[in-house]
Amino acid sequence: FIASAPEHGLNPDHYHYRLLQQLEPTASSTEAQLFDILLTDVLLKFIRDIAVGRLDPAIVDPKWSIPRESFDAATFLQHALQVENLKEYLEALFPKSDQYRVLQTAVMRYQAYVGQGGWNIISKTPLLRPGDVNQNIPAIRQRLAIEDNSLIAETSNLNNHYDESLKKSVLKFQRRYSLKVDGIIGPDTLTAMNISASDRLQQIKINMERLRWLPDDLGKRYIMVNLANYRLTAIDEDKIKLDMRVIVGKTKRPTPSFASKMTHIVFNPYWYVPRKLVRLDLLPKQLNDPDYFKHYNIRIYDHKDGKRTEIDPDSIDWSSINYTQFPYTLRQDPGNSNALGRLKFMLPNQWAINLHDTPSKNLFNSNKRNFSSGCIRVEEPLALANFSLGGIHNQKSIADLISSNKNHTTILKDPLSVYAVYVTVWPNENEIIFSPDSYKRDQRMAEYL
């Protein structure tokens with residue numbers, strides 16, 4: 001059981017593996033006692049590390065706010081010793097998600113790459129397109145062939161020509177490493193090729209640890225947002241029903257990892273602009289363009305003696321406004337230009353983060369999609385609404401509610417679990433996708449791992 005630690009990205013020597021192999025408990029009572037103490041100690045450690053993770057997320061990733069399940073290793077071990085098959089009982093602790101199982105396979109594969117010496121660094125190369133000839137092509141071909149069995153790396157290695165077989169492998173590599181998939185070997189693609197096998201192995205280990213932090217049972221129906229690779233998946237009975245792109249928080253305003261329940265959906269929402277965004281984003285725009293608020297249907301309200309009064313933006317001297325003590329409330333009316341789009345998916349949380357539509361559809365075409373102020377913009381809000389409502393409304397009735405232009409709220413009969421996670425290695429149809437560490441959370445975890 002302890003020997004399986006490498007399959008989970010863990011080092012068996014953290015669990016006295018070699019020392020236990022060297023001890024002979026039948027040799028003497030002293031050695032038997034030492035063996036028993038060590039074995040008990042490492043089993044308590046290993047089963048806890050497998051069940052809920054080796055590292056404390058509060059220390060290694062302060063932006064991870066998904067509570068870990070409680071786990072009493074001593075009680076579990078006492079129960080395990082009373083069952084008929086100890087090993088089966090222990091192995092039942094292994095995370096059961098498909099995502100984790102794919103990373104188990106990947107961690108062993110990349111450990112093999114490291115054991116074989118990894119791959120060579122490719123020297124500086126000009127921009128290469130299919131059809132080009134360059135002296136570094138053989139080295140690039142060899143590098144790609146290590147991860148891509150379909151690329152034959154024998155006599156073709158002597159070929160300096162960027163041919164069709166190499167192009168297919170480059171496209172596959174770019175998809176795997178979340179690069180722009182264009183077949184052009186530029187600086188970003190070359191940089192990704194030159195990240196060492198040991199660094200990639202470390203990245204897989206970090207993300208296996210994150211998956212161990214998650215609850216073992218995520219629910220029958222849930223939504224998973226991966227902040228690192230900018231995607232949302234909707235799961236029903238272990239099957240992916242939706243897979244779409246999302247836009248997440250900027251690096252300066254990162255979206256945290258959290259879990260919540262979607263409770264209701266707002267059609268044609270009003271946008272009550274948070275004061276921080278008023279100060280940082282909207283006031284500078286209004287100062288540059290006196291018609292900005294009118295053009296985007298943003299209303300200004302004053303609150304005095306418990307009464308709300310709408311203020312004409314032309315009556316305000318914007319140049320004299322104190323940004324830090326802004327006295328008004330801003331609200332944007334529903335419509336095509338509303339920052340929340342036509343649908344807002346409400347999930348209570350301490351950061352007031354929600355999922356929502358957006359009028360800026362073109363941003364979904366970007367490779368890196370961290371443009372928001374923390375909330376999560378979804379590419380296909382109608383499909384997400386249909387899934388979230390569980391068939392209560394058909395697509396036509398949802399479209400009718402939107403086309404009415406009236407603000408309307410629908411309560412979910414069964415609140416839907418939503419998980420926002422930061423995972424930079426993620427399965428995709430039994431392959432793995434590496435994402436860039438845009439929030440530098442891998443970097444912090446690596447220091448502790």
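## Close-up views of a predicted model

Of the 449 residues of the protein chain, 46% count as buried. Please keep in mind that this is a predicted model.

**Figure 1. The whole protein chain holds 15 helices and 15 strands.** Start here to get your bearings. Taken along the principal axes, the C-alpha atoms fill a box of roughly 90 × 65 × 45 Å. Among the contacts in the chain with a separation of 6 or more, 67% are between residues 24 or more positions apart.

**Figure 2. Helix H11 covers residues 275-288 and bends at Leu282.** The bend is about 40°, and within four residues of Leu282 comes a proline, Pro284. How does the span of H11 agree with what its 14 residues should give? At 1.5 Å a residue, H11 should span 20 Å, and its end C-alpha atoms are 19 Å apart, which agrees. Leu277, Val278, Leu282, Leu283 and Gln286 are buried in this helix. The partners against which the buried residues of H11 pack are strand E5 (271-272), helix H12 (292-295), strand E6 (298-304) and strand E8 (329-332).

**Figure 3. Four strands form an open sheet in the order E5-E8-E6-E7, with antiparallel pairing.** Which strands stand at the edges? They are E5 and E7; each has a single partner strand, so one side of each is left without a neighbour in the sheet. At one edge, two bridges hold E5 and E8 in an antiparallel pair. Look for Tyr272, whose bridge partner in E8 is Arg331.

**Figure 4. Strands E6 and E7 form a hairpin with two residues between them.** E7 covers residues 307-311, and five bridges join E6 to this antiparallel strand. A handy pair to find is Asp302 and Thr309, since Thr309 in E7 stands opposite Asp302. In the turn, Asp305 has a positive phi of about 55°.

**Figure 5. The second largest pocket has a volume of about 1200 Å³.** Its lining is made up of 42 residues, and Trp271, Leu277, Ser372, Ser373 and Arg377 lie nearest the centre of the pocket. Two or more lining residues come from each of E5, H11, strand E9 (343-346) and strand E11 (370-372). Which element gives the largest share of this lining? Helix H11 does, with five residues. Leu277, one of the residues nearest the pocket centre, is also among the buried residues of H11.

**Figure 6. Strand E13 (residues 408-421) pairs with strand E1 (residues 221-226) in the parallel sense and with strand E4 (residues 258-267) in the antiparallel sense.** Five bridges join E1 to E13, whereas nine bridges join E4 to E13. To follow the parallel pair, find Tyr222, which stands opposite Ser417 in E13. For the antiparallel pair, find Val266, which stands opposite Thr409 in E13.

**Figure 7. Ile184 has its place in the loop between helix H8 (164-176) and helix H9 (187-193).** Its relative accessibility is 23%, so Ile184 counts as partly exposed; the cut-off for buried is under 20%. Which residues is Ile184 in contact with, leaving aside its neighbours within four places in sequence? They are Leu127, Leu128, Arg129, Gln174 and Thr189. Leu38, by comparison, is 146 residues from Ile184 in sequence and 54 Å from Ile184 in space, C-alpha to C-alpha.

Note on methods. Residues are numbered from 1 along each chain as its sequence is written. This is a predicted model: local features need pLDDT of at least 70, side-chain atom pairs count only at pLDDT 80 or more; totals for chains, interfaces and linings use all residues. Side-chain values use heavy atoms; hydrogens and water are left out. The expected span of a helix is 1.5 Å times one less than its number of residues. The bend at a residue is the angle between axes fitted to the seven residues ending there and the seven starting there. Buried means under 20% relative accessible area, exposed over 50%, partly exposed in between (1.4 Å probe, protein chains only). Contact means heavy atoms within 4.5 Å. Two strands pair if DSSP finds at least two bridges between them. On a 1 Å grid over the protein atoms alone, a cavity is a set of points where a 1.4 Å probe fits but cannot get out, and a pocket is an open set with protein on both sides within 12 Å along at least five of seven lines; lining residues have an atom within 4 Å of a point. Grid points are joined across faces, edges and corners, and a volume is the space filled by probe spheres set on the points.
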